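Please look through the following report with the sequence and the structure side by side, and turn back to the picture whenever a residue or an element is named.

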Amino acid sequence: MPKIENLKRIEETGIVAVVRAENSEQALKISEAVRAGGIQAIEITMTVPGAVDVIKELANTYQNNEILIGAGSVLDAETARACLLAGAEYIVSPCLDKDTIALCNSYQKAVMPGAMSVTEVHRAMQYGADVVKVFPATLFGPKIIKAIKGPIPQAPLLPTGGVSLDNVHEWIKAGSFAVGAGSALTAGAKKGDYDEVTRTAKEFIKRIKEAREN
């Protein structure tokens, strides 16, 4: 799908599921569980063993765009290219790497580099970022979104790290483009309870919708 449609899809759902797992099998099960809960954007982090193969398997399994597959914790352009060729539709990074952004723009795939300050957010946008990942968001809380949007109101921000069911409404009301949720979303997987992951995914979507409506 075109990049602009993928970005719209993420914004409308309001959440990216950040998948960290002990092995590829667990990553696949988590992905299916959050999909069943209604979350469309799934980010397979490079910390998952065999992450590129997991992306490839998800791309082969969901060939009708049932989910939007992305790669996370991408540190360089070489890794980004491997993920895109495996089937990733967007790239997320914890840091700001100009070459990675340029590579993604060459392929016309969405790219979300990490930033922690107004200076880094501005630089990311100058380099051509589609969305800027505010990370680690837990260090600042929702107030960082308003602080950045003060001087740069046009910045599309995606806070990741510290987003939970208890505070997701605050992040959305502060002006976030969407949020990234990891352990708060997938905790059930650690005890093999993937139904809990699905229930949590549904609750995240519900609270995001309520925050936007209110």
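## Thr198 in its helix

A place to begin is Thr198, which sits in helix H10, the helix made of residues 194–213. Because its relative accessibility is 12%, Thr198 counts as buried. When neighbours within four places in sequence are set aside, the residues in contact with Thr198 are Ala33, Ala36 and Gly37. The model in which these contacts appear is a predicted one.

## The protein as a whole

The protein contains 10 helices and 9 strands. Its C-alpha trace spans about 45 × 40 × 30 Å along the principal axes. For 214 residues, a compact globule would be expected to have a radius of gyration near 17 Å, and the 16 Å found for the protein agrees with this.

Of the 214 residues, 50% count as buried, and the protein exposes about 9600 Å², of which carbon and sulfur atoms supply 48%. If one takes the contacts between residues at least 6 apart in sequence, 58% of them join residues that are at least 24 apart.

## The sheet of six strands

An open sheet is formed by 6 strands, which follow one another in the order E5-E4-E3-E2-E1-E9 with parallel pairing. At its edges are strand E5 (110–112) and strand E9 (179–181), each of which pairs on one side only. From one strand to the next, the twist averages 25°. As background, the strands of a sheet pair through backbone hydrogen bonds, and this pairing can be either parallel or antiparallel.

Two of the pairings in this sheet can be followed in detail. Strand E1 (residues 15–19) pairs with E2 in the parallel sense over 4 bridges, and Val19 has Ile44 in E2 as its bridge partner. Strand E3 (residues 68–72) and strand E4 (residues 90–92) are also paired in the parallel sense, here over 2 bridges, and Ala71 stands opposite Ile91 in E4.

## Strand E2 and its two faces

How many of the residues of strand E2 (residues 41–45) are buried? The count is 5 of the 5 residues, so strand E2 is largely enclosed by the rest of the structure. In a regular strand, the side chains alternate between the two faces of the sheet. Both faces of E2 are covered, with Ala41, Glu43 and Thr45 buried on one side and Ile42 and Ile44 buried on the other.

## The sheet of three strands and helix H6

A further open sheet is made by 3 strands in the order E6-E7-E8, and the pairing in this sheet is parallel. Strand E6 (114–115) and strand E8 (157–159) are its edge strands, each pairing on one side only. Between E6 and strand E7 (residues 132–134) there are 2 bridges, in the parallel sense, and Ala115 has Val134 in E7 as its bridge partner.

Helix H6 (residues 118–127) lies across E6, E7 and E8, and the helix runs at about 160° to E7.

## Asp130 in a loop

The loop between H6 and E7 holds Asp130. Is this residue, Asp130, buried or exposed? Asp130 counts as buried because its relative accessibility is 19%, and the cut-off for that word is under 20%.

Not counting residues up to four places away in sequence, Asp130 touches Lys3, Leu7, Asn105, Lys109, Ala110, Val111 and Pro156. Asp130 and Ala178 are 48 residues apart in sequence, and their C-alpha atoms are 13 Å apart in space.

## The cysteines

How many disulfides does the count come to? If a disulfide is taken to be a pair of cysteine sulfur atoms within 2.5 Å, the count comes to 0 disulfides. Cys83 is in no disulfide, and the nearest cysteine sulfur, which belongs to Cys104, is 9.2 Å away. With a relative accessibility of 0%, Cys83 counts as buried.

Why is Cys95 not bonded to the closest cysteine sulfur? That sulfur, in Cys104, is 12 Å from the sulfur of Cys95, and this is too far for a bond. Cys95 has a relative accessible area of 29%, and therefore it is partly exposed.

Technical notes. Residues numbered from 1 in each chain as written. Predicted model: local features only at pLDDT ≥ 70, side-chain atom pairs only at ≥ 80, totals over all residues. Heavy atoms only, no water. Pairing = 2+ DSSP bridges. Axes fitted to C-alpha atoms, helices over the stretch in contact; angles between N-to-C directions. Buried < 20%, exposed > 50% of the residue type's maximum accessible area, 1.4 Å probe, protein only. Rg over C-alpha atoms; globule rule 2.2 N^0.38 Å. Contact = heavy atoms within 4.5 Å. Areas by Shrake-Rupley, 256 points an atom, 1.4 Å probe, with all protein chains shown as cover.
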